[in-house]
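This report describes one protein for a reader who has not met it before. The sequence and the structure come first, and the description follows.

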Amino acid sequence: RAAAALQVREGNISEARELFVRGVSHQLRRLRPGDNAAAEAVVPLVHAWAVCEWKHGAAADARALFRRAELLAPSPCAWVFLWRARFEASCGEAGSHHLARHYYARAVNAAPFDPMIWRLWAELEAAHGDAPRAALYSKRSQEVETLSALRERSDASPSPSLRPPSPAAPRATLS
């Protein structure tokens, strides 16, 4: 992935594509059914390739690669759905706004307590003139962020009035 990223930065898109093809092919050959660790390892590579194609104007290829990353992920993967939503939102094709909504919904279903997903979805709705929906998602983003901050705070400094649980008392046995 690093070698392909370097080629992209250098403007060598053909070479980057070749590296992505070789890297993905190599990892897919090693992939066995039920091998979640191997599947999780290939998803970021396929995702990076999708983003490369997106940024270089190959929308159809990017869409197919995003779909491939979704299918390879062993479980619903919020960050893959989020990137797909961002891609669809940027396309400007007929129906892409609805696809972006779909993928934001999948992302929040996979990670309902991630405030960034809610915030980005609110921005999409605002950009498309749906102020009530944008306000709802923005409010949800703020709520989730507040809950997260409270949870972090309570984890970092537990109340001194709480005492640790006592060890389990030995159980009486019936004879």
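Helices (H or I, at least four residues) and strands (E, at least two) are DSSP runs, numbered from the N terminus. Read along the sequence, the elements follow the pattern α-α-α-α-α-α-α-α, that is, eight helices and zero strands. The model is a predicted one, in which local features need pLDDT of at least 70 and side-chain atom pairs count only at pLDDT 80 or more, while totals for chains, interfaces and linings use all residues. Residues are numbered from 1 along each chain as its sequence is written, and side-chain values use heavy atoms, with hydrogens and water left out.

## Overall figures

A residue is called buried under 20% relative accessible area, exposed over 50%, and partly exposed in between (1.4 Å probe, protein chains only). Of the 175 residues in the protein, 33% are buried. The protein exposes about 11100 Å², of which carbon and sulfur atoms supply 55%; accessible areas come from the Shrake-Rupley method with a 1.4 Å probe, and for residues only the protein chains shown count as cover. Contact means heavy atoms within 4.5 Å. Among contacts with a separation of 6 or more, 50% are between residues 24 or more positions apart.

## Nonpolar cores

A nonpolar core is a set of buried Ala, Val, Leu, Ile, Met, Phe, Trp, Tyr and Cys residues joined through side-chain atoms within 4.5 Å. The largest one has 23 residues, and the members that touch the most others are Phe20, Val43, Val46, Trp54 and Phe66. Two or more residues of this core come from each of α2 (13–30), α3 (36–55), α4 (59–72) and α5 (78–91). Helix α3 gives the largest share, 10 residues. Leaving out residues up to four places away in sequence, Val46 touches Val24, Leu65, Arg68, Ala69 and Leu72. There is also a second, separate core of 18 residues, which includes Ala78, Trp121, Ala122 and Tyr137.

## Helix α5

Helix α5 has 14 residues, and its end C-alpha atoms are 20 Å apart, which agrees with the 20 Å expected at 1.5 Å a residue. The expected span of a helix is 1.5 Å times one less than its number of residues. The buried residues of α5 are Ala78, Val80, Phe81, Leu82, Arg84, Ala85, Phe87 and Glu88. These buried residues pack against α3, α4, α6 (96–110) and α7. Just after α5, Gly92 has a positive phi of about 75°.

## Salt bridges

Side chains of opposite charge can pair when their charged atoms come close. A salt bridge here is a side-chain nitrogen of Lys or Arg within 4 Å of a carboxyl oxygen of Asp or Glu. The whole structure has 12 salt bridges, and the table gives three of them.

| Salt bridge | Closest N to O distance |
|---|---|
| Arg17 and Glu53 | 2.7 Å |
| Arg84 and Glu88 | 2.9 Å |
| Asp130 and Arg101 | 3.3 Å |

Arg17 in helix α2 and Glu53 in helix α3 are 36 residues apart, so this pair links distant parts of the chain. Arg17 is partly exposed, at 28% relative accessibility, whereas Glu53 is buried, at 3%.

Arg84 and Glu88 are four residues apart in helix α5 and are therefore separated by about one helical turn. Arg84 counts as buried because its relative accessibility is 5%, and Glu88 is buried at 0%. A network of salt bridges links Arg84 and Glu88 with Arg63, Arg67, Glu70 and Arg106.

Asp130 lies in the loop between α7 and α8 and Arg101 in helix α6, so their pair ties together parts that are 29 residues apart in sequence. Arg101 counts as buried, at 18% relative accessibility.

## Around Glu125 and Arg133

Which residues is Glu125 in contact with, leaving aside its neighbours within four places in sequence? They are His97, Arg101, Asp130, Arg133, Ala134 and Tyr137. Glu125 is found in helix α7 (residues 115–127) and is buried, at 0% relative accessibility.

Arg133 is found in helix α8 (residues 131–156) and is partly exposed, at 29% relative accessibility. Not counting residues up to four places away in sequence, Arg133 touches Arg101 and Glu125. The C-alpha atoms of Arg133 and Trp121 are separated by 9.2 Å, with their positions 12 residues apart along the chain.
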